[in-house]
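Please look over this model before reading on. A few questions about its strands, cores and turns come with it.

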Amino acid sequence: RHDGSIWVESGPGQGTVFTVRLPRGETGGGAVERVAWPNASSESITSPPYAGDTGVDASTETMSGVEDPEAPLVLVAEDDRDLLKYLLELLGERYRTAGAVHGLDALDKARSLHPDLLLTDVMMPHMSGRDLFEALQGDPGLKDIPCVFLTAMTAGGVRLDSLSHGVSDYVHKPFEDDELLARIDNLLRIHGLARELEKRVEEQTSELRQMAVNLSSVQEEERKRIAREIHDELGQVLSGLRMELDRLRLLSGEPASDDVVISNSFDRMYGLFDSLHESIHHVIDALIPGALSSQGFVAAVEGLCRDYEHRSGVPCEVDLGIDDENLDTGVSIALYRIVQEALSNIARHARPNSVQVRMEDNEGRLTLLIRDDGAGFEAGSLAHEGFGLLGIRERARQLGGEMSILSSSGHGTEVTVSIPGQAASSVGQS
């Protein structure tokens, strides 16, 4: 690159002499001058072909390194074939590896292999390491691959310039093997943690969006159900009361009114008023679980199950082996809503022959189990959360617990919510 030459003289028992000869003044290489990023064209930062370049645009290197398919894949781009071989052997003791003899070769391999990290020389034929990095940054599928520059250029500005443009790290030649491995290991670990965090954030965001959709759907269904109850039950009762009042008004105008008829009409009105009071109480209780404060958690859940049994005609076995006096109000409400939501889901989707609601205290940990023998669903269908399970899961999380589901098509569903016993005090304090 600087119009120089190098040769060696050696013989057994005679020692070795390496000779490097460089011309004075300006040379054709000027590698140090071809390092700037700003507005640099590909030609200005691309090295000339190395001596002996055959013009072949792809290397013959294949996948190598450890055989563990879960091990990170490191792509090494280096035009010095001896150094490339050495790096592949060094890194291959820990990672899966692939090699490339210049930037274009590395770009093709990055697109086909999607490596976990790129280790590249800066000055290479056909495409420099910097052009390679820019190409990766312009590809949405490859832009997150961490890139380490390996170069003999030692100018501090070059390193700072590279790092400021997003290069993950910068290693000088000659390098210490342990240092290079440590830097690569740290970058892979950090990148792995970042990807895991992004995955979790994406999952949480997806869940929140689905919860918003489900919440809107559930609210709308609840409005429709309450509207139907008001129309079908309260409306009919009020219509019956109106008819009885009209009957009494007509009878009051007759001089020979039958006291028995009037008495029977009053009895019917009292019955209608009782039915009206019961319907109103049911609607209010569906909106605000007043039974919790007046009767306690166990009695309130038993009443919830009896109401489900009455409305659906499906037997509902209840076994709550706990002392509800030890439950905090916040925990009671959350668990009550979990049972309410689960029974609502069963009524909408499961078509069961029987339902079980059980709860027990196992060494200070409360476990709530709701099981039905209905339609069930396959695990893959859970992605859309069509059974309203997100709401139950979030309530369990708020209590510091967790929810698990066992289900299969045609064999029913079992929802288990487990929360720590100390959740009662923590929820109450919050």
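The questions and answers below concern a predicted model.

Q: How many bridges join strand β1 to strand β2?
A: β1 covers residues 5–11 and β2 covers residues 15–21. The two strands run antiparallel. One of the pairings sets Ile6 in β1 against Val20 in β2. The number of bridges that join the strands is seven.

Q: Which residue in the turn of the β1 and β2 hairpin has a positive phi?
A: Three residues lie between the two strands of this hairpin. The phi in question is about 75 degrees. The residue is Gly13.

Q: Which element supplies the largest share of the largest nonpolar core?
A: This core has 39 residues. Phe297, Leu335, Leu343, Val357, Leu368 and Val417 touch the most other members. Elements that each supply at least two residues include α8, β10, β11 and β13. The largest share is 10 residues, and it comes from α9.

Q: How many residues are in the other core, the one with Ala100 and Cys147?
A: This core lies apart from the largest nonpolar core. Ala106 and Ile145 are also among its residues. Its size is 22 residues.

Q: Leaving aside neighbours within four places in sequence, which residues does Leu368 contact?
A: Contact here requires heavy atoms within 4.5 Å. Leu335, Ile338 and Val339 meet that cut-off, as do Val357, Arg358 and Met359. The list is completed by Val415, Thr416 and Val417.

Q: Which residue just after α10 takes a positive phi?
A: α10 spans 389–398. Its buried residues are Leu389, Leu390, Ile392, Arg393, Glu394 and Ala396. Just after the helix, a phi of about 75 degrees is taken by Gly400.

Technical notes:
Residues are numbered from 1 along each chain as its sequence is written. This is a predicted model: local features need pLDDT of at least 70, side-chain atom pairs count only at pLDDT 80 or more; totals for chains, interfaces and linings use all residues. Side-chain values use heavy atoms; hydrogens and water are left out. Two strands pair if DSSP finds at least two bridges between them. Helices (H or I, at least four residues) and strands (E, at least two) are DSSP runs, numbered from the N terminus. A nonpolar core is a set of buried Ala, Val, Leu, Ile, Met, Phe, Trp, Tyr and Cys residues joined through side-chain atoms within 4.5 Å. Buried means under 20% relative accessible area, exposed over 50%, partly exposed in between (1.4 Å probe, protein chains only).
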